[in-house]
Amino acid sequence: MANPVTKIRNTAADYRKLDGRDKRRFWTDGILNNALYILMAIFIIYTAIVNHNFLKIGSITNIISLAAASLPFALGVAGCIVLTGTDLSGGRVVGLSAALSAALLQKTDLARRMFSWMPNIPTWAGICIAILAVIAIGAIIGFVNGFFVAKFKLHPFIVTLATQLITYGLILVFFMLNDNNGQPLSGLSDGYSSFIKGKMISIGAVSLPWYVLYAIILLVITWFLWNKTTFGKNMFAVGSNAEAANVSGVNVFRTTVLVHTFAGVMYGLTGFIEGARISSITQSTGLNYECDAIAACVIGGVSFVGGTGKISGIVLGVLILRIIFAALTFLAIDSSLQYIIKGLIILVACSLDMRKYLVKK
């Protein structure tokens with residue numbers, strides 16, 4: 001395998017062989033294919049000039065923490081995008097998982113405890129139960145998504161829209177249990193909060209929380225599954241061409257179901273982290289999480305055309321998106337306008353991605 005220096009030399013040699021028109025096309029394609037990164041770099045530099053606090057250690061650690069919180073979700077939805085699909089139910093799965101985690105891990109002496117019937121158990125046992133519960137919930141919803149997509153050839157948009165509505169209905173029902181009457185779930189145990197938000201490492205006056213480490217662990221697991229297992233190879237094969245993969249002996253049905261199930265597990269674990277990170281869970285927790293994740297994946301090069309994507313690209317996309325949102329805050333831009341900017345980012349990123357596909361085709 002050629003090293004980067006050799007690749008650069010070969011590219012330079014090929015460039016010198018081009019005529020004037022081809023050279024102009026070379027630069028035009030390069031600029032257009034990387035337009036989003038170029039614009040973001042300019043935006044980041046502008047923010048740093050306008051507000052010098054943007055590049056201070058406190059701001060950087062905050063961006064890293066926010067990126068770590070949303071990374072597991074992006075890793076889950078990325079697999080669905082590799083299969084030329086998407087997942088609209090993920091945000092609601094996060095909300096349901098966060099609500100369940102919060103209910104299971106409220107303080108035992110809380111006056112309005114959701115599960116007042118639960119016996120007093122050690123915090124570590126409650127954490128283990130909560131993790132298993134959110135994994136089960138996410139896996140079940142993900143399995144349902146994958147089953148209907150693979151078995152009945154339904155578009156993932158329709159299937160996940162349906163499960164999004166079903167899951168939201170479950171959230172509304174859940175918040176009415178035990179005369180809770182839709183009130184936010186709070187009063188979490190100190191052990192749960194410390195397990196997620198406790199100081200993992202201090203950098204001067206700021207620190208990184210433990211959930212950064214958990215995000216890294218999930219990142220390594222996902223990288224291994226994508227790159228070192230038959231599951232990962234089959235996922236990319238199905239995403240590139242499902243019919244060809246089927247002819248080659250790949251079980252398309254099982255692969256599709258497993259990808260969506262794994263995505264559901266990642267949503268559930270994201271909800272477990274969010275439960276302690278937010279501390280007060282409402283019925284709207286998880287709303288629009290899928291929009292940020294999809295935008296991050298597309299920015300990171302996970303193509304809706306299918307069969308394309310790298311873990312490193314997803315990490316880069318998540319970081320870039322969080323840097324942009326932080327920059328908007330430092331520039332004192334109204335939070336309502338951030339939705340417009342998110343939409344534009346998704347639109348532009350998808351357009352550029354499709355352009356690359358059409359050019360290659």
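Biologist: Let me start with a cysteine: does C80 count as buried or exposed?

Modeller: C80 counts as buried, because its relative accessibility is 1%. The cut-off for buried is under 20% relative accessible area. Keep in mind that this is a predicted model.

Biologist: And which class does C297 fall into, buried or exposed?

Modeller: C297 has a relative accessibility of 0%, so it counts as buried.

Biologist: How many disulfides does the structure hold?

Modeller: First the general idea. A disulfide is a covalent bond between the sulfur atoms of two cysteines. In this structure there are zero disulfides. C80 takes part in none, and its nearest cysteine sulfur, that of C297, lies 9.4 Å away.

Biologist: Why is the sulfur of C297 not in a bond with that of C80?

Modeller: The two sulfurs are too far apart for a bond, because 9.4 Å separates the sulfur of C297 from the closest cysteine sulfur, in C80. To count as a disulfide, the pair would have to be within 2.5 Å.

Biologist: Let's turn to empty space. How many cavities of 30 Å³ or more does the structure hold?

Modeller: Here is the idea behind the search. Rolling a probe the size of a water molecule over the atoms shows where empty space is left. In this model there is one cavity of 30 Å³ or more. The largest cavity has a volume of about 40 Å³.

Biologist: Which residues line the largest cavity?

Modeller: Its lining is made by S70, A74, D292, A293, A296, V318, L321 and R322. Helices α4, α13 and α14 (311-330) each give two or more residues to this lining. Sorted by class, the lining has five nonpolar residues, one polar and two charged.

Biologist: What about pockets: what volume does the second largest pocket have?

Modeller: The second largest pocket has a volume of about 430 Å³. It is lined by 18 residues, and those closest to its centre are L287, Y289, D292, R322 and K342. Two or more lining residues come from each of α4 (57-82), α12 (252-278), α13 (289-299) and α15 (335-360). By class, this lining has seven nonpolar, six polar and five charged residues.

Biologist: You named Y289. Where is the place of Y289?

Modeller: Y289 is in helix α13. With 23% relative accessibility, Y289 counts as partly exposed. Y289 also shows how a chain can bring separated residues together: R92 is 197 residues apart from it in sequence, but 8.4 Å apart in space, C-alpha to C-alpha.

Biologist: How can I check the span of helix α9?

Modeller: Allow 1.5 Å a residue, so the 19 residues of α9 (residues 210-228) should span 27 Å. The end C-alpha atoms of α9 are 27 Å apart, which agrees.

Biologist: Which residues of α9 are buried?

Modeller: The buried residues of α9 are Y211, V212, Y214, A215, L218, L219, T222 and W226. They are on the same side of α9, because they cover an arc of only 155 degrees around the axis.

Biologist: One last feature, the backbone angle phi. What is the value of phi at K153?

Modeller: Phi of K153 is near 55 degrees, a positive value in a residue other than glycine. K153 is found in the loop between α6 (123-152) and α7 (156-174), and it is exposed, with a relative accessible area of 66%. Look at S279 as well: its phi is positive, about 80 degrees, although S279 is not a glycine. S279 is in the loop between α12 and α13, and it is partly exposed, with a relative accessible area of 25%.

Terms used
Residues are numbered from 1 along each chain as its sequence is written. This is a predicted model: local features need pLDDT of at least 70, side-chain atom pairs count only at pLDDT 80 or more; totals for chains, interfaces and linings use all residues. Side-chain values use heavy atoms; hydrogens and water are left out. On a 1 Å grid over the protein atoms alone, a cavity is a set of points where a 1.4 Å probe fits but cannot get out, and a pocket is an open set with protein on both sides within 12 Å along at least five of seven lines; lining residues have an atom within 4 Å of a point. Grid points are joined across faces, edges and corners, and a volume is the space filled by probe spheres set on the points. Helices (H or I, at least four residues) and strands (E, at least two) are DSSP runs, numbered from the N terminus. Ala, Val, Leu, Ile, Met, Phe, Trp, Tyr, Cys and Pro count as nonpolar, Asp, Glu, Lys and Arg as charged, and the others, Gly among them, as polar. Buried means under 20% relative accessible area, exposed over 50%, partly exposed in between (1.4 Å probe, protein chains only). The expected span of a helix is 1.5 Å times one less than its number of residues. The arc is that of the directions from the helix axis to the C-beta atoms.
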